[in-house]
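User: I am new to this structure and would like to go through it step by step. Could you answer my questions and show the reasoning behind each answer?

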Amino acid sequence: MGKRGGQRLYSDIAIQTVLTLRLLFHLPLRATEGFVASIFKLAGLELGVPDHTTLSRRNQTLCVDDPARTPTSEPISLIVDSSGLKICGQGEWHAKKHGQKCRRKWKKLHIGMDDEGWIRTSLLTDGHTQDPTAVPELLAQRDVALKRFVADGIYDNATVYGAIAEHQGGIPVDVVVPPRRNAAPSRTAATAPTQRDDHIATILADGLSQWRWESGYYAQSRVENVFSRYKAIFGGHLRAKRQDSQEREAQLGCAILNQLRALGSPLSVRVE
């Protein structure tokens with residue numbers, strides 16, 4: 001509590017807990033306030049509940065606690081992909097009533113996860129943002145070397161290779177990105193071939209399917225499964241209206257998936 005008549009002060013973990021319940025149960029802010037108050041009443045706890053305006057305000061500046069964002073000195077793998085999230089608006093009925101065009105607006109959620117299923121980096125951008133341009137900021141979020149970078153063919157871009165080289169600072173990394181169909185070897189392919197040149201030569205010799213198996217490209221399906229879980233649990237849209245709040249909402253969703261991962265995951269064994 002502050003001074004008399006002032007607003008209550010709540011810790012970040014308290015706000016994050018309430019907003020976590022909001023995301024999991026798909027509740028508006030007012031309903032979330034009442035839901036948490038009812039839980040405290042049933043539990044016999046005399047605790048203050050953040051009101052909906054406090055939740056809305058703090059959601060813009062919340063420092064999300066994520067178990068997967070702890071610093072590490074070991075090199076990590078990074079499997080990158082993106083998916084669209086719809087922005088909630090006034091709805092089709094409101095647009096029709098006021099003679100407005102109802103256009104769907106989207107944001108893009110970019111995710112980088114490791115081989116164990118932890119979401120290590122995430123970034124929310126406008127819907128028109130090209131996927132390769134998000135890679136430098138994704139890498140900047142983790143001050144740790146990479147041992148492998150996996151992504152689909154849209155990341156076969158000079159921006160991506162340049163960002164990886166700058167991030168690594170000379171440390172070698174296994175870049176597994178399928179070249180485009182019309183990809184051509186570099187000018188130095190005969191004397192000093194790059195990893196991309198090796199990928200192109202292997203695909204021409206053995207075929208794309210064989211290259212995918214040998215290179216470990218199929219690990220990219222893991223990040224697609226993460227997006228499937230994200231949308232199955234939280235829905236395919238963002239509830240927040242402000243840019244800062246939307247970014248925190250996406251970060252919180254990724255943090256919740258990591259917390260679920262920390263509780264345990266199934267052990268899959270291939271049956272011959």
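User: Is arginine 222 buried, partly exposed or exposed, and what is its relative accessible area?

Analyst: In this predicted model, the class follows from the relative accessible area, because buried means under 20% and exposed means over 50%, with partly exposed in between. The value for arginine 222 falls in that middle range, so the residue counts as partly exposed, with a relative accessible area of 37%.

User: With which residue does arginine 222 form a salt bridge, the closest N and O atoms being 3.7 Å apart?

Analyst: Side chains of opposite charge can pair when their charged atoms come close. Arginine 222 lies in helix 9, while its partner is in the loop between strand 2 and strand 3, so that the pair links parts of the chain that are 107 residues apart. The partner counts as partly exposed at 29% relative accessibility, and the salt bridge is formed with aspartate 115.

User: Which residues are linked with Asp115 in a network of salt bridges?

Analyst: A search of the whole structure finds 9 salt bridges. Some of them join up into a network, and in the one that includes Asp115 the other members are Arg148 and Arg222.

User: How many residues lie between strand 2 and strand 3 in their hairpin?

Analyst: Strand 2 (residues 106-113) and strand 3 (residues 119-126) run antiparallel and are joined by 7 bridges. In the turn of the hairpin, glycine 117 has a positive phi of about 95 degrees. The number of residues between the two strands is 5.

User: Which residue meets lysine 107 in a salt bridge, and what is the N to O distance?

Analyst: Lysine 107 is buried, with a relative accessible area of 6%, whereas its partner counts as partly exposed at 35% relative accessibility. Lysine 107 lies in strand 2 and the partner in strand 3, so the pair ties together parts that are 19 residues apart in sequence. The partner is aspartate 126, and the N to O distance is 3.0 Å.

User: Which side chain is joined to that of threonine 125 by a polar contact of 2.9 Å?

Analyst: Threonine 125 is buried, with a relative accessible area of 12%, and it is the bridge partner of lysine 108 in strand 3. Leaving aside residues up to four places away in sequence, threonine 125 touches Lys107, Lys108 and His110. The polar contact of 2.9 Å joins its side chain to that of histidine 110.

User: Which helix supplies the largest share of the largest nonpolar core?

Analyst: In soluble globular proteins, nonpolar side chains tend to be buried together. The largest nonpolar core here has 36 residues, and those with the most contacts inside it are Leu19, Leu109, Ile111 and Tyr230. Several elements each supply at least two residues of this core, including helix 1, strand 2 and helix 9. The largest share, 6 residues, comes from helix 10.

User: How are the rings of tyrosine 230 and phenylalanine 234 arranged?

Analyst: A pair of aromatic rings is described by the distance of the centres and the angle of the planes. Tyrosine 230 and phenylalanine 234 both lie in helix 9, 4 residues apart, about one turn of the helix, and both are buried. Their centres are 5.0 Å apart with 70 degrees between the planes, and because planes over 60 degrees apart count as edge-to-face, the arrangement is edge-to-face.

Note on methods: Residues numbered from 1 in each chain as written. Predicted model: local features only at pLDDT ≥ 70, side-chain atom pairs only at ≥ 80, totals over all residues. Heavy atoms only, no water. Phe/Tyr/Trp six-rings, centres within 6.5 Å; stacked < 30°, edge-to-face > 60°. Buried < 20%, exposed > 50% of the residue type's maximum accessible area, 1.4 Å probe, protein only. Pairing = 2+ DSSP bridges. Polar contact = N/O pair within 3.5 Å; in protein donor to acceptor, adjacent residues only side chain to side chain. Contact = heavy atoms within 4.5 Å. Core = buried A, V, L, I, M, F, W, Y, C linked by side-chain atoms within 4.5 Å. Salt bridge = Lys/Arg side-chain N within 4 Å of Asp/Glu carboxyl O.
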